[in-house]
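These are my notebook entries on strand order and helix packing. The structure I consulted is shown first.

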Amino acid sequence: MKVIQRLEFNNVFPEEDQQDVLFYLSKVSKETLLKTIGFCNTNPETNFDNFFSNPDLHEQIYNRVVAYSKKNNISNKPEVISKYASLKLAELILSNKAILNNKLTSIDDDELNLFKAFLAINSQLNGVQKLDNLEADNFEKLVDLSLVFKFPESDLALFDNDDWEFLKLVYSTIYKVEELFKFLNSNAEFEELKKQFLNSFNTDNEEDFLYQMKYLFGQLLSSKMAKSYVFKITDTTSSDFLKSITSENIQIDEDFTHLKDNPIYFLDKDLFSVVNYFFAIDKFYRSTKFKLKEIYETIEPIKKKYGNFFGFFNKHFSEDFLMKNLLDDIFDKKYYIKKPERENELDGEPDYYVRHNNTVLLFENKDVLIAKAIKSSANIEEINAVLRSKFVKDGKKVVGIGQLVNSIQEIQDKKFRFDEYVNFKNGLEIYPILIIQDRIFQSPGVNYRLNNWYREIVKNQLGEKYNPTNIKGLTVIDIDTLIVWIPYLKQKDKHFKEIINDHLYRMQTIKKVDTNNAQVAMYRANRNLTERISAISTRKIPFKMSTEALIEKFKNVLKE
């Protein structure tokens with residue numbers, strides 16, 4: 001965990017009364033404001049020491065920050081422009097375009113007022129995190145702190161080094177969108193849903209949609225690597241496609257809902273910019289379910305047959321199609337034993353089950369949503385409560401972890417209904433795995449906390465039948481990571497088990513910090529914390545996605 005001071009207005013300008021953010025933005029030219037959105041979201045390393053183009057202004061601000069840092073014993077370099085603050089700035093600018101219409105009078109004035117606007121935003125952001133009522137145990141307190149700070153950031157994809165995460169998101173999104181179309185094509189009942197979905201992106205057919213989506217992704221990949229943010233487009237079809245994901249009606253929202261839904265904005269007729277690279281990719285899958293929901297609600301035949309949209313999407317697509325096809329691909333050898341196919345699912349049936357010899361893998365799939373007020377609350381009590389309700393028990397109904405423990409108990413009681421072999425064997429290795437569909441649950445500390453709750457439940461429920469050597473800890477893994485890891489997991493049977501064992505070992509190993517050097521002690525303690533609370537997706541494995549695999553996804557839009 002890096003502790004960085006986010007500079008506030010009175011840290012730098014203590015002699016001035018802070019005004020509202022819009023007060024400062026109203027003094028900046030419209031051209032500068034619109035270009036600032038893309039620039040700041042593309043160049044997060046911009047800070048107080050490289051913000052100003054005028055050397056004299058640069059020196060004045062630099063000296064103010066240094067003086068403040070020395071006076072307050074701040075050893076780490078403080079920041080002004082965080083990725084979160086950049087999103088807030090973008091939201092304020094795009095939701096107030098009608099009143100923010102100044103013409104350029106002075107570059108120095110523009111830069112100084114923008115700088116003050118960022119400081120004013122930081123003053124608001126610094127007051128959000130609620131760190132009271134934390135648990136008494138020191139390590140658990142650090143886990144709480146990680147969740148408070150990182151839970152909202154994980155949802156918004158505010159990674160420190162995001163190039164690999166972006167590449168992963170592009171690849172996995174193409175995979176999931178192609179699977180979604182396979183699903184919609186699998187049943188004639190979904191034809192109208194598919195048709196209206198395509199029309200909402202100003203496309204007539206699946207091929208055009210995929211072409212335009214991949215063409216945009218290719219542009220975004222190329223531009224992100226070049227740290228660019230302005231695009232020129234002359235093709236009418238591509239322009240119409242982009243207009244489907246932009247809007248002039250941006251509003252302030254605690255979860256950046258309108259920015260997520262409209263990640264592109266036009267600078268003029270043929271020139272557009274990107275608000276946030278991750279939001280632009282998310283638009284085509286992560287945000288898709290909300291567009292599909294709107295359409296689904298208008299089609300009475302499927303609504304009447306399948307009921308609630310999220311029940312339909314999560315069960316029939318996310319679980320029975322996307323997850324199942326993915327795991328079938330990974331565990332494709334004939335000697336893998338899986339649960340039998342049934343027309344009607346039995347009560348308590350695991351979402352996916354696979355066994356190889358005496359190794360049992362139990363999977364539960366959770367495609368769940370978190371209320372935006374909780375995501376943005378930075379309140380540990382609310383975060384813990386929602387994690388329990390989504391993954392342990394929802395009212396009287398056990399979910400996720402509870403379902404996994406019930407399946408483990410069936411196996412230990414020799415009453416497992418889906419593989420008779422395990423009822424006559426002792427010494428089975430059982431791996432409970434929770435597949436999650438949203439990256440927010442890969443936030444540092446989530447797997448650690450869920451694993452602790454799982455351990456408590458499985459110990460209490462199994463009693464003397466609980467053996468930690470055979471009944472492994474809980475692994476939480478996101479669907480995007482599984483998609484990217486497919487080639488490696490298929491390469492050798494042992495790879496999946498090796499990754500999980502390494503992850504569980506690191507999550508459960510307590511290391512002492514044995515040194516008298518305070519600086520070394522801090523470094524080791526931070527490293528140990530990171531080891532224990534990191535998500536499995538961040539563990540190092542001897543595999544990198546090949547260039548060929550990525551190019552294959554773009555083969556229909558690449559020129560010879």
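Entry 1, the sheet. In this predicted model, I traced an open sheet of five strands with mixed pairing, and I recorded the order as E4-E5-E6-E9-E10. Strand E4 (337–338) and strand E10 (475–478) are at the edges; each has a single partner strand, so one side of each lacks a neighbour in the sheet. I then looked up how E4 is joined to strand E5 (residues 352–356): the two run antiparallel and share two bridges. Ile337 has Arg355 in E5 as its bridge partner.

Entry 2, a helix on the sheet. I found helix H19 (residues 401–412) lying across strand E6 (359–366) and strand E9 (429–436), at about 155° to E6.

Entry 3, helix H9. I asked which residues of H9 (residues 191–200) are buried. They are Leu193, Lys194, Phe197 and Leu198. Viewed down the axis of H9, these buried residues fall within an arc of 130°, so they line one face of the helix. Among the elements covering them I noted helix H8 (163–185), helix H10 (206–225) and helix H16 (309–330). Just after H9, Asn202 adopts a positive phi of about 60°.

Entry 4, H8 against H10. I looked up the axes of H8 and H10, which come within 11 Å and cross at roughly 175°. An angle over 145 degrees counts as roughly antiparallel, and H8 and H10 are therefore roughly antiparallel to each other. By class, I recorded 13 nonpolar, two polar and five charged residues in the contact of H8 with H10. The contact includes Phe166, Val170 and Phe181 from H8, and Phe209, Met213 and Leu220 from H10.

Definitions and conventions. Residues are numbered from 1 along each chain as its sequence is written. This is a predicted model: local features need pLDDT of at least 70, side-chain atom pairs count only at pLDDT 80 or more; totals for chains, interfaces and linings use all residues. Side-chain values use heavy atoms; hydrogens and water are left out. Buried means under 20% relative accessible area, exposed over 50%, partly exposed in between (1.4 Å probe, protein chains only). The arc is that of the directions from the helix axis to the C-beta atoms. Contact means heavy atoms within 4.5 Å. Axes are lines fitted to C-alpha atoms, for helices over the stretch in contact, and angles run from 0 to 180 degrees between N-to-C directions. Angles under 35 degrees count as roughly parallel, over 145 as roughly antiparallel, 65 to 115 as roughly perpendicular and the rest as oblique. Ala, Val, Leu, Ile, Met, Phe, Trp, Tyr, Cys and Pro count as nonpolar, Asp, Glu, Lys and Arg as charged, and the others, Gly among them, as polar. Two strands pair if DSSP finds at least two bridges between them.
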